[in-house]
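The following exercises concern helix packing and internal cavities in a single protein model. Each task is followed by a solution in steps.

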Amino acid sequence: MNQLIENLPAKRIMNGGYLRKYGMLSAFALICLILSLVTPNFFSLQNVTIILRQVSINGILAIGVTFVIISGGIDLSLGSVVAFTGVVAALFAHPGEYPLIAALTAAILAGLAIGGLNGLAVTRGKVAPFIVTLGMMTIARGLALVASEGRPVTNLSDSFNYIGGGSLLGVPVPILIFSAIILVSSFLLNKTRIGRYMYAVGGNEKAAYASGVPVNTVKVVSYMICSGMAAIAGIVLASRITTGQPNAGVAYELDAIAAVVIGGTSLAGGIGSIGGTVLGVLLIGVINNGLDLLNISSYYQQIIKGVIIIAAALIDRKK
């Protein structure tokens with residue numbers, strides 16, 4: 001009889017089994033329900049499209065840093081990489097000078113190079129990821145200012161501006177790019193050997209090394225993926241604002257890392273998923289949108305966001 005009672009759904013919910021497993025999804029649904037009751041326009045198609053479009057850049061960044069955190073690292077240079085790669089793309093995107101592919105390739109190669117340097121400094125230089133990426137944050141920002149001579153890079157081609165401002169079959173292009181990255185990243189992390197290696201390295205680096213996993217290579221690849229994603233975000237941002245801004249992307253890394261942690265990825269490494277990160281991104285986006293609709297001051301929004309990050313970190317410690 002006791003076993004039967006233990007198996008009852010209500011009993012399992014009371015014990016917290018469902019709440020622990022689906023807590024974030026439940027919180028997301030509850031927040032959506034509350035916002036739909038207090039703000040009539042929240043569930044309109046227009047507002048949902050606005051939310052998805054607003055979270056696209058942060059979502060791309062968050063997915064990129066998910067690879068690094070699962071591998072046991074961290075990347076604080078994301079915001080500066082967004083600015084630098086956006087400037088690089090803009091420099092190659094003037095009308096009639098280069099084809100569109102040149103701007104995209106240059107920006108992504110710049111991002112991959114920065115990620116490679118981060119990875120080599122962490123693995124070969126044996127420097128803590130926090131220090132390496134903190135230094136790279138300053139370097140990338142400086143490179144953005146040098147490349148742009150401290151001024152916004154303007155006069156971009158229509159084809160480049162279409163990436164951030166255009167729509168395809170009624171769906172904004174940034175949402176399509178974000179969706180494609182979700183699918184590709186989920187496949188890479190869950191269905192490929194390098195994805196399994198990232199979980200192994202983040203879970204127990206020494207055991208992974210003893211099992212024959214190329215630990216250093218896995219870490220370098222994770223940083224390159226992260227910065228490559230930041231470059232894509234930089235392209236989308238520069239295209240959306242039709243300008244390569246050397247001061248863009250300030251503090252973007254905080255929102256991205258917050259989304260990853262809120263989505264259930266452990267800062268200790270070895271645990272996490274792309275689906276959880278997407279949920280974290282959507283949760284932050286919905287909260288930001290709801291606070292805007294309720295006309296709550298941006299100052300209070302910062303406080304609320306900080307509380308959510310700390311709460312997610314506390315939950316992470318209890319896993």
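**Exercise 1: Packing of two helices**

In this predicted model, helix α4 (residues 45–70) and helix α9 (residues 173–191) pack at an angle of about 25°, with their axes 8 Å apart. Classify the relative orientation of α4 and α9, state the hand of their crossing, and describe the contact by residue and by class.

*Solution.*

Step 1. Angles under 35 degrees count as roughly parallel. The angle here is about 25°, and therefore α4 is roughly parallel to α9.

Step 2. The crossing in which α4 passes α9 is left-handed.

Step 3. On the α4 side, the contact is made by T49, L52, R53, V55, S56, G59, I60, I63, F67 and I70. Their partners in α9 are P174, I175, I177, F178, I181, I182, S185, L188 and L189.

Step 4. Sorted by class, the contact of α4 with α9 comprises 14 nonpolar, four polar and one charged residues.

**Exercise 2: The largest cavity**

How many cavities of 30 Å³ or more does the model contain? For the largest cavity, give the volume, the lining residues, the contributing elements and the class composition.

*Solution.*

Step 1. The count is two cavities of 30 Å³ or more.

Step 2. The largest cavity holds about 40 Å³ of space.

Step 3. The lining of the largest cavity consists of V82, A83, G86, V87, G234, L237, A238, I241, T243, G244, Q245 and A248.

Step 4. Two or more residues of this lining come from each of α5 (78–91) and α12 (215–240). Helix α5 gives the most, with four residues.

Step 5. Seven nonpolar and five polar residues make up the lining of the largest cavity, with no charged residues.

**Exercise 3: The second largest cavity**

Carry out the corresponding analysis for the second largest cavity: what is its volume, which residues line it, and which element gives the most to the lining?

*Solution.*

Step 1. About 30 Å³ of space lies within the second largest cavity.

Step 2. Its lining is formed by I262, I284, I287, N288, K305 and I308.

Step 3. The elements giving two or more residues to this lining are α14 (274–293) and α15 (298–317). The most comes from α14, with three residues.

Step 4. By class, four nonpolar residues, one polar residue and one charged residue line the second largest cavity. Lys counts as charged, so K305 is the charged residue in this lining.

Notes: Residues are numbered from 1 along each chain as its sequence is written. This is a predicted model: local features need pLDDT of at least 70, side-chain atom pairs count only at pLDDT 80 or more; totals for chains, interfaces and linings use all residues. Side-chain values use heavy atoms; hydrogens and water are left out. On a 1 Å grid over the protein atoms alone, a cavity is a set of points where a 1.4 Å probe fits but cannot get out, and a pocket is an open set with protein on both sides within 12 Å along at least five of seven lines; lining residues have an atom within 4 Å of a point. Grid points are joined across faces, edges and corners, and a volume is the space filled by probe spheres set on the points. Axes are lines fitted to C-alpha atoms, for helices over the stretch in contact, and angles run from 0 to 180 degrees between N-to-C directions. Angles under 35 degrees count as roughly parallel, over 145 as roughly antiparallel, 65 to 115 as roughly perpendicular and the rest as oblique. A crossing is left-handed if the near helix is turned anticlockwise from the far one by less than a right angle, and right-handed if clockwise. Contact means heavy atoms within 4.5 Å.
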